[in-house]
Amino acid sequence: MARFTLPRDLYHGKGSLENLKNLKGKKAIVCVGGSAMKKFGFLDRAVNYLKEAGMEVELFEGIEPDPSVETVMRGAEAMLKFEPDWIVAMGGGSPIDAAKAMWIKYEYPECTFEDMCKIFGIPELRRKAHFCAIPSTSGTATEVTAFSIITDYSKGIKYPIADFEITPDIAIVDPDLAETMPDKLVAHTGMDAMTHAMEAYVSTANCDYTDPLALHAMTMIKADLVNSYKGDKEARARMHNAQCLAGMAFSNALLGIVHSMAHKTGAVFEDQGAHIIHGAANAMYLPKVIAFNAKDATAAKRYAFVSDYLGIGGAAEGEKIANLIKFLRGMNDELKIPHGIGTYGLDSFPAEKSFVPENIFLERLPEIAKNAIADACTGSNPRQPKQEEMEKLLKCCYYDTEVDF
């Protein structure tokens, strides 16, 4: 038996933010990140709609990119004090992910972060509050997923929280919010969405309900991501829908080792001056993982089908997969995303020299590989890597070399 879970209601299209005025409740806490939602007026609009619904509103602001365990705990404390019956999270994936984890702690104050990280082990929520998610970026799709990513900076590791309990009750996918994204964010979140769709399609948990969502999302992303990056507003609006479809697919079909590797390399080099931004990591690692997974016959057949479905094609299965890899690398070039950690600059753009020195990478490689194998996303990958294979794969992702094992 399998399960397919989505938010009860999804409002989409320009102006759909207004549906906040239809929520029923007494108190709402609005969780946001930096200044973008305030700067462009969306935060004020959201607060006014909630007040129009008859609710008392409190703000929890300043949720950082790659939210920390400490931020989650502070947010939960604010919720315990205010006692909202609606948690409204708006902005990029970070404030929504953080608010999901806060929600767990709010409903179960005795729950530790370690408890939250037990895969599909969260007790029943909605005893105190319901959850509404409003994304401003077109990639994470956390507004429709059963996942949250929280960073433990003491360990330099991003941990996925996974449970259908944290799937939002309501998602509002309003393309007006996505128009505020800077170009680099368009690129990174867009390739995150492409990775979601691709990994969902070859996941061992794929099914008839997730495949159409993944395939259509890939079709839309191929057609619209680069144009969105170049400033086409209609393409950007379509990308906001495409990433949501990809999220519906992966929330139910799960992911694979592209995400496992991205989770475990994202913050581990922070002491060298930067993070490897999640979407950029996915974009760099996806072509390598396709080559690795394609040694599995079932995965190879699926990748070849994707190549045909997207109109990339080729004469034989191997050629179709090679062409798919070439196409994705070409997208990275157009979006100014490096091909490997070894050319990943401090600003995330391609550079002659990485912010991650080779000796530091090699020194930390065994632990990164071990943690990636243990990541929640690894279990549904079509090919299960051993420690030695994961280390070799990560080396290919550093040096941008061919995967031939």
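This report covers a parallel sheet, two helices that pack on it, and a helix pair in a predicted model.

**The sheet**

Six strands form an open sheet. Their order is 1-8-5-4-2-3, and the pairing is parallel. Strand 1 (9-12) and strand 3 (56-60) are the edge strands, each pairing on one side only. Neighbouring strands are turned by 15° against each other on average, with direction ignored.

One of the pairings joins strand 5 (residues 130-135) to strand 8 (residues 170-173). These strands run in the parallel sense and pair over 2 bridges. Here Ala133 stands opposite Ala171 of strand 8.

**Helices on the sheet**

Helix 2 and helix 4 pack on the sheet as follows.

| Helix | Residues | Strands touched | Direction angle |
|---|---|---|---|
| Helix 2 | residues 42-52 | strand 2 (27-31), strand 3, strand 4 (86-91) | about 150° with strand 3 |
| Helix 4 | residues 93-107 | strand 2, strand 3, strand 4, strand 5 | about 160° with strand 4 |

**The helix 12 and helix 13 pair**

Helix 12 spans residues 297-309, and helix 13 spans residues 317-334. They pack at an angle of about 65°. Their axes lie 8 Å apart. The crossing of helix 12 past helix 13 is left-handed.

Which residues of helix 12 meet helix 13? They are Ala300, Lys301, Tyr303, Ala304, Val306, Ser307 and Asp308. On the helix 13 side, the partners are Glu317, Lys320, Ile321 and Leu324. By class, this contact of helix 12 with helix 13 has 6 nonpolar, 1 polar and 4 charged residues.

Terms used:
Residues numbered from 1 in each chain as written. Predicted model: local features only at pLDDT ≥ 70, side-chain atom pairs only at ≥ 80, totals over all residues. Heavy atoms only, no water. Axes fitted to C-alpha atoms, helices over the stretch in contact; angles between N-to-C directions. Helix = DSSP H or I, 4+ residues; strand = E, 2+ residues; numbered from the N terminus. Left-handed = near helix turned anticlockwise from the far one by under 90°. Contact = heavy atoms within 4.5 Å. Nonpolar A, V, L, I, M, F, W, Y, C, P; charged D, E, K, R; others polar. Pairing = 2+ DSSP bridges.
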